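Let's take a walk through this protein together, starting with the overall layout and ending with the charged pairs. Keep the viewer open as you read.

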Amino acid sequence: EVSIVDPDKWDFLDAVYLITTTISSETDRLERTKEQLRSVGLLDKLTIKTFKPDNEDRVRGCYTSHISVMQDIDKKMRKKSDYRVLILEDNLETTGGMSNSVLESIANFVEVKEDWDVFHLAYMMYVPGLSLNKQKEKNVVQMKASQQSAVGTSAYMVSKSGVKQMLEDYKQNKFTDAVPNIMAKLFP
């Protein structure tokens, strides 16, 4: 199968993480996700982080897995002045909208705009309190959110400042809410 996306187009990323769980019945989901990531040229760049499910509180389990990945990023990239890391969940779905031109737009945006924290790659049909503003860069919109505007965490990029803010919130508050809700609070 030939990739529809040139793998070199992802070179603007410093790392790519995939969050998955140890639930044996969901191993097919991980394999489907890996196949999708292969089709868009990401499989070879992937670091897979596997977590045991938190059966008492799935929302907390999701939160702690994202925080653990961010702690790993912070540890490995601490000496870099900035970085761009793609974080994915194993429930993602790639679409026909993924193309070389979309990746070029994203790469150009994050190269030029230095003060971003989180860049969502997932599309949500309807999110209360969310508005979208066109940007100069084709294929990129700015999301303006309220705290009720949780847009999910299936696919997002995070910068050094985004990781620092998420880890600072964790240090001060520990688990208080779902990851998307914390992001909506920290990065409106």
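What follows goes from the fold to a pocket and then to the salt bridges.

First, a caveat: this is a predicted model. The protein is built from five helices and seven strands. Reading from the N terminus, the elements come in the order β-α-β-α-β-α-β-β-β-β-α-α. Of the 188 residues, 43% are buried. If you look at contacts with a separation of 6 or more, 76% of them are between residues 24 or more positions apart. On the outside, the protein exposes about 10700 Å², and carbon and sulfur atoms supply 48% of that.

Now turn to the second largest pocket, which has a volume of about 360 Å³. It is lined by 19 residues, and the closest to its centre are Ile19, Thr21, Arg29, Cys62 and Ser65. Which element gives the largest share of that lining? That would be α2, with six residues. Strand β1 (15-21) and helix α2 (58-77) each supply at least two lining residues. By character, the lining splits into five nonpolar, seven polar and seven charged residues.

On to the charged pairs. Side chains of opposite charge can pair when their charged atoms come close. The structure holds 14 salt bridges, and a few are worth a visit.

Start with Asp72 and Lys76, whose closest N and O atoms are 3.3 Å apart. Both sit in helix α2, and because they are four residues apart there, about one helical turn separates them. Is each partner buried or exposed? Asp72 is buried, at 15% relative accessible area, while Lys76 is exposed, at 56%.

Next comes a pair that links distant parts of the chain. Arg84 and Glu111 meet in a salt bridge, at 3.6 Å from N to O. Arg84 belongs to strand β3 (residues 84-89) and Glu111 to helix α3 (residues 100-112), 27 residues apart. Glu111 counts as partly exposed, with 46% relative accessibility.

Toward the C-terminal helices, look for Lys185 and Asp169, which form a salt bridge at 3.0 Å, N to O. Lys185 lies in helix α5 (residues 179-186) and Asp169 in helix α4 (residues 160-173), so this pair ties together parts 16 residues apart in sequence. Asp169 is buried, with a relative accessible area of 5%, and Lys185 is partly exposed, at 34%.

Finally, go back to Asp72 and Lys76: salt bridges with shared partners join these two and Lys49 into one network.

Methods
Residues are numbered from 1 along each chain as its sequence is written. This is a predicted model: local features need pLDDT of at least 70, side-chain atom pairs count only at pLDDT 80 or more; totals for chains, interfaces and linings use all residues. Side-chain values use heavy atoms; hydrogens and water are left out. On a 1 Å grid over the protein atoms alone, a cavity is a set of points where a 1.4 Å probe fits but cannot get out, and a pocket is an open set with protein on both sides within 12 Å along at least five of seven lines; lining residues have an atom within 4 Å of a point. Grid points are joined across faces, edges and corners, and a volume is the space filled by probe spheres set on the points. Ala, Val, Leu, Ile, Met, Phe, Trp, Tyr, Cys and Pro count as nonpolar, Asp, Glu, Lys and Arg as charged, and the others, Gly among them, as polar. Buried means under 20% relative accessible area, exposed over 50%, partly exposed in between (1.4 Å probe, protein chains only). Contact means heavy atoms within 4.5 Å. Accessible areas come from the Shrake-Rupley method with a 1.4 Å probe; for residues, only the protein chains shown count as cover. A salt bridge is a side-chain nitrogen of Lys or Arg within 4 Å of a carboxyl oxygen of Asp or Glu.
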